[in-house]
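Please read the following points alongside the sequence and the coordinates. They are arranged by residue and by sheet, and the helix packing is left to the end.

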Amino acid sequence: ATPTAVMVATGKGASQGVLIKGGDALEKAYKVKTVVFDKTGTLTVGKPVVVSAVLFSSFSMEEFCDMATAAEANSEHPIAKAVVEHAKRIRQKIGSSTEHVAEAKDFEVHTGAGVSGKVGEKMVLVGNKRLMQASNVTVGTEVENYISENERLARTCVLVSIDGKIAGAFAVTDPVKPEAERVISFLHSMGISAIMVTGDNWATAAAIAKEVGIKKVFAETDPMGKADRIKDLQGKGMTVAMVGDGINDSPALVAADVGMAIGAGTDVAIEAADIVLIKSNLEDVVTAIDLSRKTILRIR
Ligand code: ADP
Ligand code: MG
């Protein structure tokens, strides 16, 4: 594209909240045949809510929630915020103080799996089944049943172990964005395929993919794994766009031919991206590709 055409297009994009970082991004967006979407915070609203809590031990619900909160207190993960909020509601309901709660000592983040820390003398793990298995915590049939019931409903289960035993679990739900399905179907009509990548488990990922009309899913991938999936697709000769909110997907945004950061995301993502969608609306994925097509086709 000529410098003038690029200027016109970036100006037009900017007025619609689509920040295109230069002519190269525009040229590549024109060739995109595959768009890979992160799940949490990109296809979904990204504000999960606890919709069920269950005990698998003799702790009271309050004790259980307090220990989970202590472990999650210093986590930035949206699931951690959901757990902390839920615990607060439980305390309000039973009339306990909501100002409180110890923070865990020796707090550790297990990327794409959960958190751990010591609450008093107790070792607390909060996270998915992989985290429990990696720490030799047995996940029994009762717990397995709770997990599969909820995953079928597109919910993510958060397991809590205290001193090596599953003490209880939460199920969180993170609704899909209202425009997600429409955008995916519009991309298909443009001859572009849509794929989902997520660190979340296969069953939940598949349920969400079905809701939005995505047929190909890569689940249980860590941040580098997300980038590797992008490189695999490029290896097959595809020009790939990656859309993410940045929590865990900066390497994938960099690896993609066109990295698109959803605006409410992190600074790191905005840095890593070629295009920033400042309204956080998935419709703007189409706006960006459409703008590039119009720009390139006009001048050729
Ligand atoms: P995504 O790719 O969907 O953004 P992540 O890679 O951040 O997901 O996390 C993958 C999974 O790890 C989550 O679905 C959740 O099961 C678990 N997990 C990660 N961090 C936490 C946390 N702080 N508390 C509980 N579970 C967590
Ligand atoms: Mg995300």
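**Notes on the predicted model**

1. Asp 106 counts as exposed, because 8 other C-beta atoms lie within 10 Å, and 12 or fewer is the range for that class. The structure is a predicted model, and the points here should be read as statements about that model. Asp 106 belongs to strand 4, and its phi is positive, at about 50°, although the residue is not a glycine.

2. A second aspartate deserves a look beside it. Asp 163 sits in the loop between strand 7 and strand 8, and its phi is near 50°, a positive value in a residue other than glycine. With 12 other C-beta atoms within 10 Å, Asp 163 is exposed, since 12 or fewer is the limit for that class.

3. Which strands make up the sheet that contains strand 4, and in what order do they stand? The sheet is open and has six strands in the order 3-8-7-6-5-4, with antiparallel pairing. Strand 3 (49-55) and strand 4 (105-110) are at its edges, and each has a single partner strand, so one side of each is left without a neighbour in the sheet. From one strand to the next, the twist averages 15°.

4. Within this sheet, strand 7 (residues 156-162) and strand 8 (residues 165-173) run antiparallel and are joined by seven bridges. Val 158 stands opposite Phe 170 of strand 8. Helix 4 (residues 61-72) packs on the sheet, where it touches strand 3, strand 5 (114-119), strand 6 (122-127), strand 7 and strand 8, and its direction makes about 110° with that of strand 5. Helix 5 lies across strand 3, strand 5, strand 6, strand 7 and strand 8, and runs at about 65° to strand 3.

5. Is Ala 87, a residue of helix 5 (residues 78-93), buried or exposed? Ala 87 counts as buried, because it has 26 C-beta neighbours inside 10 Å and the class begins at 20. Apart from neighbours within four places in sequence, Ala 87 is in contact with Cys 65, Asp 66, Ala 68 and Thr 69. The C-alpha atoms of Ala 87 and Glu 62 are separated by 7.5 Å, although these residues are 25 residues apart along the chain.

6. Another open sheet has seven strands in the order 1-13-12-11-2-9-10, and here the pairing is mixed. Strand 1 (18-20) and strand 10 (216-218) stand at the edges with a single partner strand each, so one side of each is left without a neighbour in the sheet. Neighbouring strands of this sheet are turned by 20° against each other on average, direction ignored.

7. Strand 1 and strand 13 (residues 275-277) run antiparallel and are joined by three bridges, and Leu 19 stands opposite Val 276 of strand 13. Helix 10 (residues 223-235) packs on this sheet, touching strand 2 (34-38), strand 9 (193-197), strand 10 and strand 11 (240-244), and its direction makes about 160° with that of strand 11.

8. Helix 7 (residues 141-152) and helix 9 (residues 202-212) pack at an angle of about 15°, with their axes 8 Å apart, which makes helix 7 roughly parallel to helix 9. Their crossing is right-handed. The contact is made by Ser 148, Glu 151 and Arg 152 of helix 7 with Ala 203, Thr 204 and Ala 207 of helix 9; by class, it has two nonpolar, two polar and two charged residues.

Conventions: Residues are numbered from 1 along each chain as its sequence is written. Chains are lettered from A and ligands numbered from 1 in the order in which they are written. This is a predicted model: local features need pLDDT of at least 70, side-chain atom pairs count only at pLDDT 80 or more; totals for chains, interfaces and linings use all residues. Axes are lines fitted to C-alpha atoms, for helices over the stretch in contact, and angles run from 0 to 180 degrees between N-to-C directions. Helices (H or I, at least four residues) and strands (E, at least two) are DSSP runs, numbered from the N terminus. Angles under 35 degrees count as roughly parallel, over 145 as roughly antiparallel, 65 to 115 as roughly perpendicular and the rest as oblique. A crossing is left-handed if the near helix is turned anticlockwise from the far one by less than a right angle, and right-handed if clockwise. Two residues are in contact if their C-beta atoms, placed from the backbone, lie within 7 Å. Ala, Val, Leu, Ile, Met, Phe, Trp, Tyr, Cys and Pro count as nonpolar, Asp, Glu, Lys and Arg as charged, and the others, Gly among them, as polar. Two strands pair if DSSP finds at least two bridges between them.
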